[in-house]
Amino acid sequence: MTRYFEVQQRDGAARIGKLLLGKTIQTPFIVDSRTLGSPESPIVDAGSLWKLGCAEAAREELNKIRNAVGDNSLVILPHQSFPPEVPDDVANSATKDLDFDITGPTGTTYRHSQRIRNSDLYVMEGAGCFENNARRFFNMLLEMKRDVAPDTAIYTPNICLPENVALLVYLGIDVLDNTKAIIAAHSDIYLTSAGRFHLDSLAELPCRCVACAGITVDELKSHDRRKRAKILEMHNLNAQESELALVREKIRAGTLREYIEGQCRTRPWLTALLRLADSEYNYAEENNPIARSNETLANSTESLSRVEIVRFATRVLERYTPPEADILVLLPCSAKKPYSISNSHWRFINAIGSNRRYVHEVIITSPIGIVPRELELTYPAAHYDTAVTGHWDAQEREWVAGCLEKYLTKNQYRTIIAHVEGAYREICETVSRRLGIEIIFTGSGNVSSHEALRRLKEEVEKHSDGRSRNVEERKKDMIRSIADYQFGEGAGTVLVPVGSIVKGPYPKYQIFVGKKQLVTLIPQYGTLAVTVEGTELMVPFGNYQVKIDDFVPKGSLLAPGVLEADPLIRPGDEVFICGEKALCVGRAVMSGTEMQRSGRGVAVDLRHVKKL
Ligand SMILES: [Zn+2]
């Protein structure tokens with residue numbers, strides 16, 4: 001629990017926060033390493049024991065600094081840094097006498113084998129040594145994030161460059177410094193977010209910052225070493241700061257992921273870092289919002305492994321139960337979303353006609369995989385755009401085939417009709433072969449042709465008997481499926497009980513039992529907003545609950561007020577707050593784990609509060 005650092009906005013592991021010092025510092029932040037020893041700096045390094053000598057001298061130095069800066073600056077405790085290669089037992093024996101009284105905002109050098117203090121900031125020791133070694137850097141970061149509270153800042157010294165700022169922040173680094181950018185300037189290296197250039201290799205200056213605007217590259221080259229370094233330094237620091245400002249904007253806009261999928265190509269180790277982070281699904285998933293207001297862009301291979309895509313596929317498999325139907329119709333996706341309002345889907349639906357009551361529709365799409373019709377509104381199924389060339393690469397095919405294969409292994413139908421063509425058909429054929437199941441193909445070259453639509457109509461007609469669902473039941477299936485997707489399997493039967501009715505025009509459906517409204521479908525995200533009456537029903541269900549003490553919260557619930565929170569909770573989730581004196585429903589601002597482990601910040605924005 002920290003008093004001097006607060007996270008205000010999260011986007012996956014990335015976050016915007018503030019260090020509450022003499023002057024409030026917005027994070028992510030680049031500290032000036034040239035002033036780290038000065039009491040004027042917001043972050044003051046008390047220094048290395050290699051220089052200070054003994055523990056007693058270190059304590060004296062620390063007291064001196066704290067007396068000078070008070071609570072205005074964060075003080076990094078005296079430390080004895082070792083290269084990462086030094087074995088833990090050697091490093092520990094050398095630092096075992098180090099123990100300091102902590103007062104005011106404090107930073108500590110993190111070493112995994114050492115006792116974890118309640119610091120406001122942790123320093124990744126030797127972070128600069130990890131450049132170009134994605135695995136070691138990521139493993140170290142993973143370990144730190146597991147050990148330290150979520151409301152503490154992470155500082156990676158001596159690694160930041162304009163080219164890697166975006167990815168470092170994406171991975172959850174809050175404080176960086178300008179050491180490397182300054183050293184580069186003194187080696188005639190011109191830094192940009194698109195990579196670094198030796199000054200000699202430049203024919204022009206690809207920047208118009210104040211350092212570059214008034215000078216040509218030839219003039220810069222003609223200066224003596226000292227003057228050159230001064231201008232290069234000014235430019236390098238500007239480049240770093242402007243990239244960081246852009247990254248903060250990307251976090252605010254919810255588009256940092258799209259940006260880093262391109263930005264990481266600057267250097268192979270950055271691309272490797274992104275892939276490693278993706279392979280550790282839980283790393284970014286926990287703080288990834290449940291929905292975004294912006295479009296999800298799938299423009300690279302890595303888009304297939306981003307949290308939104310993997311989470312949707314996982315939930316369809318684990319939480320979703322198809323409605324009772326014997327015929328499955330597989331359909332291709334459409335550019336227009338939700339699919340059912342596109343021209344092509346209108347044609348399919350018309351062809352199926354009144355036999356639609358016997359049919360369950362599932363849409364095949366890259367990169368989402370498969371989308372049951374009931375979830376076509378739910379984020380990100382109606383919120384993505386992808387680069388369409390007509391050609392599907394091997395990885396895309398395998399991902400979508402894998403999704404379909406797992407779905408058909410879990411959910412069985414008497415008849416499967418695939419109204420698809422091209423790559424979609426090849427994917428269905430692959431799955432049919434692998435599972436040894438028969439699939440009837442009706443696409444015939446062009447899924448929208450009269451001939452194809454006639455075949456779809458005939459095949460559906462031929463197999464239409466058995467279980468059927470009327471229009472009202474299909475609407476309820478949709479709400480039930482969304483409830484299961486959002487709150488876990490079984491939530492649908494709680495929020496859409498037997499005897500309930502659906503009101504409202506598509507897609508603004510509301511579920512009523514008598515005069516009591518239980519939920520409303522939010523068309524923008526395809527998620528459910530639950531009323532107090534719905535919340536009362538959800539309490540015995542158990543999931544997505546936050547337990548509080550005997551008080552009545554107002555407006556928002558703060559993290560220190562949380563006794564217990566469901567670890568399933570993600571930012572943006574609809575959550576149910578239960579206490580002795582109040583029952584509330586609202587939207588989570590942080591994950592359930594963070595609510596429990598944090599000492600600061602808004603945990604839930606409340607919508608309805610019922611006093612008990
Ligand atoms: Zn410049």
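Cys 209 and Cys 212 are both buried in the predicted model. Each of these cysteines binds the zinc ion through its SG atom. The remaining protein donors are Cys 207, also through SG, and His 235, through ND1. The donors lie 2.1 to 2.3 Å from the zinc ion. Along the chain, they are arranged with the spacing C-x1-C-x2-C-x22-H. The angles among the 4 donor atoms run from 94 to 120°, and the site is tetrahedral. For four tetrahedral donors the ideal angle is 109.5 degrees.

Two peptide bonds that precede proline are cis. The bond from Lys 337 to Pro 338 has an omega near -5°, and Pro 338 lies in the loop that links strand E14 (327-332) with helix H14 (343-352). The bond joining Tyr 506 and Pro 507 is likewise cis, with omega at about -5°. Pro 507 belongs to the loop between strand E20 (501-503) and strand E21 (510-513).

Positive phi values of about 60° occur at Asp 188 and at Tyr 544, neither of which is a glycine. Asp 188 sits in the loop between helix H6 (179-185) and strand E11 (189-192). Tyr 544 occupies the loop between helix H20 (532-541) and strand E24 (545-548). Asp 188 has a relative accessible area of 11% and is therefore buried. Tyr 544 counts as buried because its relative accessibility is 0%. Most residues other than glycine have a negative phi, and most peptide bonds are trans.

How values were computed. Residues are numbered from 1 along each chain as its sequence is written. This is a predicted model: local features need pLDDT of at least 70, side-chain atom pairs count only at pLDDT 80 or more; totals for chains, interfaces and linings use all residues. Side-chain values use heavy atoms; hydrogens and water are left out. Donors are N, O and S atoms within 2.8 Å of the metal (3.2 Å for Na, K and Ca); water is not among the atoms, so sites may look incomplete. Four donors count as tetrahedral if all angles lie between 85 and 135 degrees; four count as square planar and six as octahedral if opposite donors are over 155 degrees apart and all others between 65 and 115; anything else is irregular. Buried means under 20% relative accessible area, exposed over 50%, partly exposed in between (1.4 Å probe, protein chains only). Helices (H or I, at least four residues) and strands (E, at least two) are DSSP runs, numbered from the N terminus.
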